[in-house]
Amino acid sequence: MFYRQSARGGGRAGRGGGCGWAGALRGCGAAGAMPAAVVEYKGWKEGYGCGYCGAARGKVSAGMWAHSMTVQDYQDLIDRGWRRSGKYVYKPIMNQTCCPQYTIRCQALHFQASKSHKKVLKKMLKFISKGNVLKVVSEEEPMDSHIEDVAACDFPYKSESQVSQSELTPLAVDHAERVENEDKDSGETKEEGNVQKVESDSVQICTDKDIPVPAEPSHSAKAVHAPPKPGKGADLSKPLCRKAKDIRKERKLQKLLQSQMGTLEGSQLQGDQAFFLQNSKPKTNQPKNIEDFVFAPLPDDALHKLEVRLVPVSFEDPQFKSSFNQSATLFAKYQMSVHKDTPSDCGENEFTRFLCDSPLEAEHAPNGPECGYGSFHQQYWLDGKIIAVGVIDILPYCVSSVYLYYDPDFSFLSLGVYSALREIAFTRQLHEKAPDLCFYYMGFYIHSCPKMRYKGQYRPSDLLCPETYVWTPIEQCLPLLEHSKYSRFNQDGKAVDEGRLKELGRVRVLHKRTVMPYNVYKKRRKGPSDEASVQQYASLVGQTCSERMLLFRS
């Protein structure tokens, strides 16, 4: 859809625009439409197998089933350490799980490709142009190719919600408003009729300039650069390497300028001559960016053709529907070859549930990207055949990588690294139309698992503090993680989670098809109290999301 190897533009829009829960209560254009955000909290899951360290009973996480969700809800959730697998949204309990998983984001606008990244881009260009590349499988770990953290916790993944659609459809809005007013009349709480939208402190508006963002540590703070191990990336504490050829050219130009200055010495320089000499000083060597490789012109006789298509995840979309079988077959081939799954573990139903079912409601905004927000498959077509698919979510402030699967026959092209670089370039492209969208979220960074540290090579990047939910440059986090696998990155001991739960009574609940604040629900509920569960849920999602999303209670 967007950029293609031949640099052609154009594209399709995603699914129809979304609407908030209030709009859904009014019908949102369809009778019985479901609210934009309805979740079932499943609680904690303790002591299940970890695919990273191999512990049989080491993982601990909380999860909820999302029947529907706005892109803003999900943006706020991932900025509090949540992540989705299909419609299941989960959050590791960081101070208890065996392998803490820290949300990592790359500052896409400031990203500079490393030498190893450029090597992958050059290899792809050479393959497309001439086809004669050494078919050696790269040791680079593919981006988000590890399924253990999302699928191995089979208690939520395989047990879908049993709640019927009718139970999730609220009654008329006037009835819901009467229920909310019930709590006002009781005098126990003074809930406002129209709750103003409170922006999460973890959501920032980014500009091209490196300006410190509120609720984030200043970028001017001295960064601690941990020297990498040999062969594991560039040492950021040292200047960029320069080619000897470029250095010789610069010296030659300097000598030429000196000789010109000697000839002109003692004579009156004209204005244009002075300007020329002033601006003829050699410029510092500017490294190539991703776009220089991605959009490099190809020879007319190029041996292959690579095309990248952005397809909305919707069976109503003709491109998605027509490529579904080929995509599902590729997924199965990848899972069986790379992850040693059995055919029953990666069938069409599993593929649909894991990578096609999404709770995100597609939305369009005047200042948003042309493709809209929502869930997409970014398909890599080589000579008319899909060789890789990057599953991504386009959100108000970022492109979030969900998963990648590819044809193992093309492993020599380092498709994991290549697709990550393309997604960073795609983020920068979306930023041109949507200025707030400027980050690339790479999922989780797991320092305690050496094979999962590769995400830290995409810099500049930040890790999310597991206690205060502010972003911290990864250079400042690495020394702390070397000392302890669980760490609070915010070094201000007095800092607290600004988005923490403050009023449990304001949590939105959907009970018997009626929307109500928790204070009203608590009075109406019969049977044992579920306050501990609701408190746990609201503490993990934060005050803002707890007031915006509807927590289903049977």
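**Strand S4 and its surroundings**

Arg 83 stands opposite Tyr 90, a residue of strand S4, and this pair offers a convenient way into the structure, which is a predicted model. The pairing belongs to a set of 3 bridges that join strand S3, residues 83-85, to S4, with the two strands running antiparallel. Between S3 and S4 the chain forms a hairpin with 2 residues between the strands, and in this hairpin Gly 86 takes a positive phi near 65 degrees.

S4 also has a partner in strand S2, which covers residues 59-68; S2 and S4 pair in the antiparallel sense over 5 bridges. One residue pair to look for here is Ala 62 with Lys 91, the latter being the bridge partner in S4.

How far is S4, residues 88-92, enclosed by the rest of the structure? Of its 5 residues, 5 are buried, so the strand is largely enclosed by the rest of the structure. In a regular strand, side chains alternate between the two faces of the sheet. In S4 both faces are covered, with Tyr 88, Tyr 90 and Pro 92 buried on one side and Val 89 and Lys 91 buried on the other. Lys 91, already met as the bridge partner of Ala 62, is thus among the buried residues of S4.

Turning to strand S5, which spans residues 102-107, the reader will find Gln 107 within it. Gln 107 has a relative accessible area of 9%, and because buried means under 20%, this residue counts as buried. The side chain of Gln 107 is joined to that of Asp 462 by a polar contact of 3.1 Å.

Among the helices, H11, which runs over residues 348-356, is mostly covered, since 7 of its 9 residues are buried. The buried residues in H11 are Glu 350, Phe 351, Thr 352, Arg 353, Phe 354, Leu 355 and Cys 356.

The last stop is a helix pair, H3 (residues 115-129) and H12 (residues 415-433), whose axes come within 10 Å and cross at roughly 100 degrees. Angles of 65 to 115 degrees count as roughly perpendicular, and H3 and H12 are therefore roughly perpendicular to each other. On the H3 side the contact is made by His 117, Val 120, Leu 121 and Met 124, while H12 contributes Leu 415, Val 417, Tyr 418 and Leu 421. Sorted by class, the contact of H3 with H12 comprises 7 nonpolar residues and 1 polar residue, with no charged residues.

How values were computed
Residues are numbered from 1 along each chain as its sequence is written. This is a predicted model: local features need pLDDT of at least 70, side-chain atom pairs count only at pLDDT 80 or more; totals for chains, interfaces and linings use all residues. Side-chain values use heavy atoms; hydrogens and water are left out. Axes are lines fitted to C-alpha atoms, for helices over the stretch in contact, and angles run from 0 to 180 degrees between N-to-C directions. Helices (H or I, at least four residues) and strands (E, at least two) are DSSP runs, numbered from the N terminus. Angles under 35 degrees count as roughly parallel, over 145 as roughly antiparallel, 65 to 115 as roughly perpendicular and the rest as oblique. Contact means heavy atoms within 4.5 Å. Ala, Val, Leu, Ile, Met, Phe, Trp, Tyr, Cys and Pro count as nonpolar, Asp, Glu, Lys and Arg as charged, and the others, Gly among them, as polar. Buried means under 20% relative accessible area, exposed over 50%, partly exposed in between (1.4 Å probe, protein chains only). Two strands pair if DSSP finds at least two bridges between them. A polar contact is a pair of N or O atoms within 3.5 Å; within protein, one must be able to donate a hydrogen and the other to accept it, and residues adjacent in sequence count only if both atoms are side-chain atoms.
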